[in-house]
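Me: Please take me through this entry one point at a time. I would like the reasoning first and the value or name last.

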Amino acid sequence: MALELRQMRYFAAVAEEGQLTRAARRLSMAQPALSQAIAQLEIQVGVKLLERHARGITLTPAGAAFLEKARATIAAAAEAEQLASSWARGQTGHLTLGFLSLMPTGPGRDLVAALEMVRPDVLIQWRELGFPAPDPHAWLDGVDAALTFVPPEVPGIEVQPLAEYPLAVVTAAHHRLATATELRVADVIDETFCGFDGSASQDWIGFWTLDRYRGGPPRKTTTLAVTPEETTAMVASGQAISVTPTVVAAPFESAALVSIPLIDASPAVLALIWRPSRNPLVQTLASVARTLTSSGAPRGA
Amino acid sequence: VALDVRRFRYFIAVAEEGQLTRAAQRLNMAQPALSQAIAQLERQLDVALLERHARGIRLTPAGEAFLVQARAAVGAFERAEAVARGWSEPRRDVIELGLPYTLLPRTSLLLGELSRVDPDVTVRARQLDYTELIGELRSGRVDAEMMCPPPPDLADLALQPINREQLFVFLAQSHRLAREPELRFEQIADERFVGPHPDMPEWWADAWLLTARRGRRPELSADVVRTADETVQAIASARGISVGPAFTAEQFDAVPGVATIPLVDVEPVVLAVARRWGDDRPALRSLFAAARRLAEDGGLT
């Protein structure tokens, strides 16, 4: 049958877009060529995968079954490439560290400084990531390790806690809670929270909207934010409050925003997370992190 | 980079053979071409996967890690091919479905759902007596079997639960407990049960004799029943009592001289459909899809 991965990529694009025109645009190829490639694929596998309609395409049952396996194949191949590029970075002394809305300060900075003492030749590249994806493996694509609060607990991801930070509530300066000197969970549990883009991990969203104290998501949320900046904008406008670790809240304090300690919430754990068997410099970074943590480095602000 | 599956296969062959010459033989290609393809792969990924020695090759740590993921990618690719192949081959659309006694009313719901899921599948029902349970499925004389409860050792069987069945006590109308609106385990623990056929699977007999709950088998009548008719005869003649699922109660209800009373403090048992592990014929997949729908709809109660 001699299928090729390329054909699976074409097929997945058509299935996902539901239209040859859009799929061709996404693949940057001419539509007739794509149409022909799909027809060729159907001949090779000996079964019809798509029904063509005037308005687009739908999958046959065989097409749906094949799509599932084709996607798994594409993902596994992409994973192999990610893994190789992680090793490639290691060979040239590069280490890519992901982070989210946390300035590389505090333990992040200490960690990198400690690594540079041991391996002055290593070049750290910081990469800002989007909100954590439901699959932490996908979130780590393209980086060798990442700093995150709310470290995931899934197989194949190593976690090294670095520090704990108490939580703070960030509100607009004109918000009615803004004059409080400290807040308790009960004071804020029924407030309007920032909504997060649905493609983010539910565990992660739930941590910041205090779901474990409420037993479920907040009753009221704003429209969905896609970046940390959007959540900040919503908070500054007074639409919503947000909960963050103190170390994240501090840089945002300004005339427009205040942060108030949330004194009875359990703290957030900042951790280094990574996937093993990749860039070997991550192992060096992890052992530096372990040394820092065990030597009684500052446990947060 | 968009690697193709051929590249993965080349690398896997070289890694497994430990030598370019042997790998080229295995791949049925010229050694220089293979050597070039591997070098190209390393360039593409920008990482050294192999160390070349006089006597052969050795994997670098990056190569070791890449090998694992390359195998995963090729495995996924072959599964995708297999799925397409499965659909393109002529379908065997007839399923032999093994039915222990009294299951027919439940089965007709499943078959109704199956005709909606996949109208092309024909099911031939085969009544199994109690000594034939599972054996007929394992030996391939039936393709699927309804089971209540499913067996404890499932390594060779795939299972789709359909429903939970409430338990009932079956006893003669003349029995002193026959007028009770409901019964508890303690009330029947020391009753004499209708004796099962010795060739019945032991776990199945013990499930219905409530052996685990009591810690031992109950006193048994001299019967060796292997069908529902034999069981109900023995009950009506007051030789012993019996315990069974709701679907059996529905049928015994119609038998003069037999009382069926809910057994309220014993957990319901699972009704499931089973097939041999790895028997993924589309008709069987359709049968399982129908069973899953029934389970999702809240079962057959």
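Me: In which loop is B:Pro149 found?
Reply: This is a predicted model, in which local features need pLDDT of at least 70, side-chain atom pairs count only at pLDDT 80 or more, and totals for chains, interfaces and linings use all residues. Residues are numbered from 1 along each chain as its sequence is written, chains are lettered from A and ligands numbered from 1 in the order in which they are written, and side-chain values use heavy atoms, without hydrogens and water. Helices (H or I, at least four residues) and strands (E, at least two) are DSSP runs, numbered from the N terminus. B:Pro149 is found in the chain B loop between strand E5 (144-147) and strand E6 (157-165).

Me: What is the omega of the peptide bond from B:Cys148 to B:Pro149?
Reply: B:Pro149 is in the loop between E5 and E6 of chain B. The bond that leads into B:Pro149 from B:Cys148 is cis, with omega near -5°.

Me: What is the mean pLDDT of chain A?
Reply: pLDDT is the predictor's confidence in each residue, from 0 to 100. In chain A, 95% of the residues reach 70 or more, and the mean is 87.

Me: Over which residues of chain A is the pLDDT below 50?
Reply: Among the elements of chain A, helix H7 (residues 185-188) has the highest mean pLDDT, 94, and helix H11 (residues 246-249) the lowest, 80. The stretch below 50 has 12 contacts in the model beyond near neighbours in sequence, a contact being heavy atoms within 4.5 Å. That stretch is residues 297-301.

Me: What is the ipTM of the complex?
Reply: Chain B averages a pLDDT of 88, and 96% of its residues score at least 70. For the complex, the predictor gives a pTM of 0.57 and an ipTM of 0.72.

Me: What does the packing angle make H1(A) relative to H4(A)?
Reply: Axes are lines fitted to C-alpha atoms, for helices over the stretch in contact, and angles run from 0 to 180 degrees between N-to-C directions. Helix H1 (residues 5-17) and helix H4 (residues 61-91) of chain A pack at about 120°, with their axes 9 Å apart. Angles under 35 degrees count as roughly parallel, over 145 as roughly antiparallel, 65 to 115 as roughly perpendicular and the rest as oblique. The angle therefore makes H1(A) relative to H4(A) oblique.

Me: How many nonpolar residues does the contact of H1(A) with H4(A) have?
Reply: From H1(A), the residues that meet H4(A) include A:Leu5, A:Met8 and A:Phe11, and their partners in H4(A) include A:Phe66, A:Leu67 and A:Ile74. Ala, Val, Leu, Ile, Met, Phe, Trp, Tyr, Cys and Pro count as nonpolar, Asp, Glu, Lys and Arg as charged, and the others, Gly among them, as polar. By class, the contact has four charged, two polar and 10 nonpolar residues.

Me: Which hand does the crossing of H5(A) and H12(A) have?
Reply: The axes of helix H5 (residues 106-118) of chain A and H12(A) come within 9 Å and cross at roughly 115°. A crossing is left-handed if the near helix is turned anticlockwise from the far one by less than a right angle, and right-handed if clockwise. The crossing of H5(A) and H12(A) is right-handed.

Me: Which strands of chain A stand at the edges of the sheet with the order E10-E7-E11?
Reply: This sheet of chain A is open, with three strands and antiparallel pairing; two strands pair if DSSP finds at least two bridges between them. The edge strands each have a single partner strand, so one side of each is left without a neighbour in the sheet. They are strand E10 (242-245) and strand E11 (257-261).

Me: Which residue in E11(A) stands opposite A:Ala172?
Reply: Strand E7 (residues 167-172) of chain A and E11(A) pair in the antiparallel sense over five bridges. Opposite A:Ala172 stands A:Leu257.

Me: What angle does H10 of chain B make with E7(B)?
Reply: Chain B has an open sheet of three strands in the order E8-E7-E9, with antiparallel pairing. Its twist averages 35° from one strand to the next. Helix H10 (residues 228-236) of chain B packs on this sheet and touches E7, E8 and E9. Its direction and that of E7(B) make about 55°.

Me: How many residues does the hairpin from E1(B) to E2(B) pass through?
Reply: Strand E1 (residues 50-53) and strand E2 (residues 56-59) of chain B run antiparallel and are joined by four bridges. B:Leu50 has B:Leu59 as its bridge partner. The hairpin joins the strands through two residues.
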